[in-house]
Amino acid sequence: MALVVICGQPCSGKSTTALCLSEALRESEFKPAVRIIDEASFHLDRNQSYADMPSEKNLRGVLRSEVDRSCSKDSIIIVDSLNNIKGYRYELWCLARASGIRYCVVFCDVEETHCRKWNEDRGEKGEPSYNEKIFNDLVRRFERPDRRNRWDSPLFELWPSKGGVDKSSPAILEAVSYLTKRVDSKTRDVKILQPTIATQTTRSSEANSLYEMDRATQEVINAIVGAQSQALGGPINGISLGGGLPSVDVSRPVGLPELRRLRRTFIKLTGQTSLSGRPPPSDAYSAKRMFVDYLNRELGSS
Ligand SMILES: Nc1ncnc2c1ncn2[C@@H]1O[C@H](COP(=O)(O)OP(=O)(O)OP(=O)(O)O)[C@@H](O)[C@H]1O
C-alpha cells in the first residue's frame, strides 16, 4: 500500500515519530496494517552498525532487503532508520516504485545541539546511545531531504525539539491523510508510483548506478551552464570538467532546455542499454565520460 521513509540526524526523535505515525494510522478510519522496520528488529547495535563503511553498508543492505520483501499493496511499511544518504533514499523509492505503491518521506528536523543533548541524556535513562565519534561522523554526513527530488517527495517535516511529536502533530496528520486518502484521478493529489520496465528489472544493486548517473549527468550540465555564463555569450573552445575527463566541445551557445532534453534522452538510452545486457555506468566517472561523449556527438553534428 505504501512505503514511508523516516529520516533525520542521529537521536532526532525518528523512532518516536515512527511510533506516533503507526498509531495514528491504525486509529485512522482506514485502519491499515502497519509495520515498522528498524535496526532493533534485527537486534543490530547502533555503534557496531555505524562503526565503519562495510558495517554501515551491511546495515543498509539488511534493511533494504527486508523492505523489498515487505512492500505490498496491503500494508504500510515504515522504515525507521537514519536514511541519511540521498542515494539510499533513492533505492528505497525504486523499491516502492517497483511495487506500484505510494511513497513519502517524514523528516525529523532537529538541530544538532538538541540531538547531542538527547543522546547524552540516554545514558541516564539506561538507553543505548551513540558514541561521540560515530555521532559526529553521522551528523557530518547527513544529506538533508529536498522535496524537489522525486525520492524525497512528498516530504512531511516535523520539528520534535519545538513542542515534541504526538499523534496530532500537523505533519503526522498530513502524512496519515496522504497515506490513506482515496485516489482521485482528477486532482491527482496522491501519487501511486507506477512500475516501469526499468524499475521492474532494476535490481537494487543497479539502483545506485542509476542514482550515480542522475547525479553525474547533472554535474556535467551544471559545468556547461556555468562555463557558458562566464563566457557571457562569447566563443568557448571546449569546456574542461577536470578529473581526467574529455572536454565538452560546444561551438555555439546551448540553452538549458536543450541540455535537459539531451540528458533525459541519454539516461533513457543508457537504461535501455542496460536492459539489453550491457551494464549502465557503475560509477560517477564512467557516467560522466559516457555523457560527455554523447554530448560531443550530439552537439557536434548539429
Ligand atoms: N521532542 C523530544 N524532546 C525531548 N527528548 C526527546 C524528544 N524526542 C525524542 N527524545 C528523546 O531522544 C531520545 C531518542 O529518541 P528516538 O529514539 O525517538 O530518536 P531516534 O532518532 O530514533 O534515535 P536513533 O538515531 O538512535 O534511531 C530518546 O531518549 C527520546 O526520549
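The largest cavity of this predicted model has a volume of about 50 Å³. Here a cavity is a set of points on a 1 Å grid, over the protein atoms alone, where a 1.4 Å probe fits but cannot get out; the volume is the space filled by probe spheres set on the points. A search of the whole structure finds 1 cavity of 30 Å³ or more.

Residues are numbered from 1 along each chain as its sequence is written. In this predicted model, local features need pLDDT of at least 70, while totals for linings use all residues.

Lining residues, which have an atom within 4 Å of a point, are Tyr50, Glu56, Arg60, Leu63, Ser81, Leu82, Asn83, Asn84 and Tyr88. Helix H3 (residues 53-70) gives the largest share of this lining, 3 residues. Helices are DSSP runs (H or I, at least four residues) numbered from the N terminus.

A separate feature is the pairing of two helices. The axes, lines fitted to C-alpha atoms over the stretch in contact, of H1 (residues 14-26) and H7 (residues 170-180) come within 10 Å and cross at roughly 50°. H1 and H7 are therefore oblique to each other, an angle class outside under 35, over 145 and 65 to 115 degrees. Their contact (heavy atoms within 4.5 Å) involves Thr17, Cys20, Leu21, Ala24 and Leu25 of H1 together with Ile172, Ala175, Val176, Leu179 and Thr180 of H7.

The table sorts both groups of residues by class.

| Group | Nonpolar | Polar | Charged |
|---|---|---|---|
| Contact of H1 with H7 | 8 residues | 2 residues | no residues |
| Lining of the largest cavity | 4 residues | 3 residues | 2 residues |

Ala, Val, Leu, Ile, Met, Phe, Trp, Tyr, Cys and Pro count as nonpolar, Asp, Glu, Lys and Arg as charged, and the others as polar.

Technical notes: Predicted model: local features only at pLDDT ≥ 70, side-chain atom pairs only at ≥ 80, totals over all residues. Heavy atoms only, no water. Axes fitted to C-alpha atoms, helices over the stretch in contact; angles between N-to-C directions. Helix = DSSP H or I, 4+ residues; strand = E, 2+ residues; numbered from the N terminus. 1 Å grid on protein atoms, 1.4 Å probe; cavity = no way out; pocket = protein on both sides within 12 Å on 5 of 7 lines; lining within 4 Å.
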